[in-house]
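Biologist: Could you walk me through one part of this model up close? I'd like to see the sheet and whatever sits around it.

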Amino acid sequence: PVKIPLKVFLDLGTYAEAWDTDEEDDRAKFLMDAGLQISLLQNLVNIYIPVINSKPFRDYHQSTLGEKRFFKTISFSIDIQRLSVNRWLSHFGL
């Protein structure tokens, strides 16, 4: 079987000032984005592709990133704790 390096991610947060407003819609008190995560090189490199965003994020992206903003919202991380020279050398047969 082939292992597909695709996962789902969800970031959810809030901040103190959101609770100080008289907003009745509790969804406005939370910030959220969710999407797909692609893990490469034994989870050393992770690429995050957002698919769903809360309204504040959408408004921010539209006002600051302009046209063709989808590719500008993709991010990545490198987990340096997974970086082991000996493991990589043995992985490649060296």
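Modeller: Sure, and bear in mind that this is a predicted model. Let's come in through Ser54: setting aside its neighbours within four places in sequence, Ser54 is in contact with Phe30, Leu31 and Met32. Ser54 belongs to the loop between β3 and α2 (55–65), and with a relative accessibility of 11% it counts as buried, because the cut-off for that is under 20%.

Those contacts lead to the strands themselves. Strand β2 covers residues 30–40, and 8 bridges tie it to β3, the two running antiparallel. One of the pairings you can pick out by eye is Gly35, whose bridge partner in β3 is Pro50.

Now zoom out a little to the sheet. It is an open one of 4 strands, ordered β1-β2-β3-β4, with antiparallel pairing. The edges are taken by β1 and β4 (75–78); each has a single partner strand, so one side of each has no neighbour in the sheet. From one strand to the next, the twist averages 30°. As background, strands of a sheet pair through backbone hydrogen bonds, either parallel or antiparallel.

Next, have a look at the surface. Val2, Ile4, Leu6, Val8, Leu36, Val51 and Ile52 make a nonpolar patch of about 740 Å². The elements giving two or more residues to that patch are β1 (6–14) and β3 (45–53). Take Val8 as an example: this residue is in strand β1, and its relative accessible area is 68%, so it counts as exposed, the cut-off being over 50%.

Just past that strand comes Tyr15, in the loop between β1 and α1 (16–20). Tyr15 is partly exposed, at 37% relative accessible area. Its C-alpha atom is separated by 7.6 Å from that of Lys29, although the two residues are 14 apart along the chain.

To place all this in the whole chain: there are 3 helices and 4 strands, and along the sequence they follow the pattern β-α-β-β-α-β-α. Of the 94 residues, 19% count as buried, Ser54 being one of the buried residues. The accessible surface comes to about 7700 Å², with 61% of it belonging to carbon and sulfur atoms. As for how the chain connects with itself, take the contacts between residues at least 6 apart in sequence: 50% of them join residues at least 24 apart.

Note on methods: Residues are numbered from 1 along each chain as its sequence is written. This is a predicted model: local features need pLDDT of at least 70, side-chain atom pairs count only at pLDDT 80 or more; totals for chains, interfaces and linings use all residues. Side-chain values use heavy atoms; hydrogens and water are left out. Patches are made of residues with over 30% relative accessible area and no salt bridge: like charges are joined within 9 Å, nonpolar side chains (Val, Leu, Ile, Met, Phe, Trp, Tyr) within 5 Å. Accessible areas come from the Shrake-Rupley method with a 1.4 Å probe; for residues, only the protein chains shown count as cover. A salt bridge is a side-chain nitrogen of Lys or Arg within 4 Å of a carboxyl oxygen of Asp or Glu. Buried means under 20% relative accessible area, exposed over 50%, partly exposed in between (1.4 Å probe, protein chains only). Contact means heavy atoms within 4.5 Å. Two strands pair if DSSP finds at least two bridges between them. Axes are lines fitted to C-alpha atoms, for helices over the stretch in contact, and angles run from 0 to 180 degrees between N-to-C directions.
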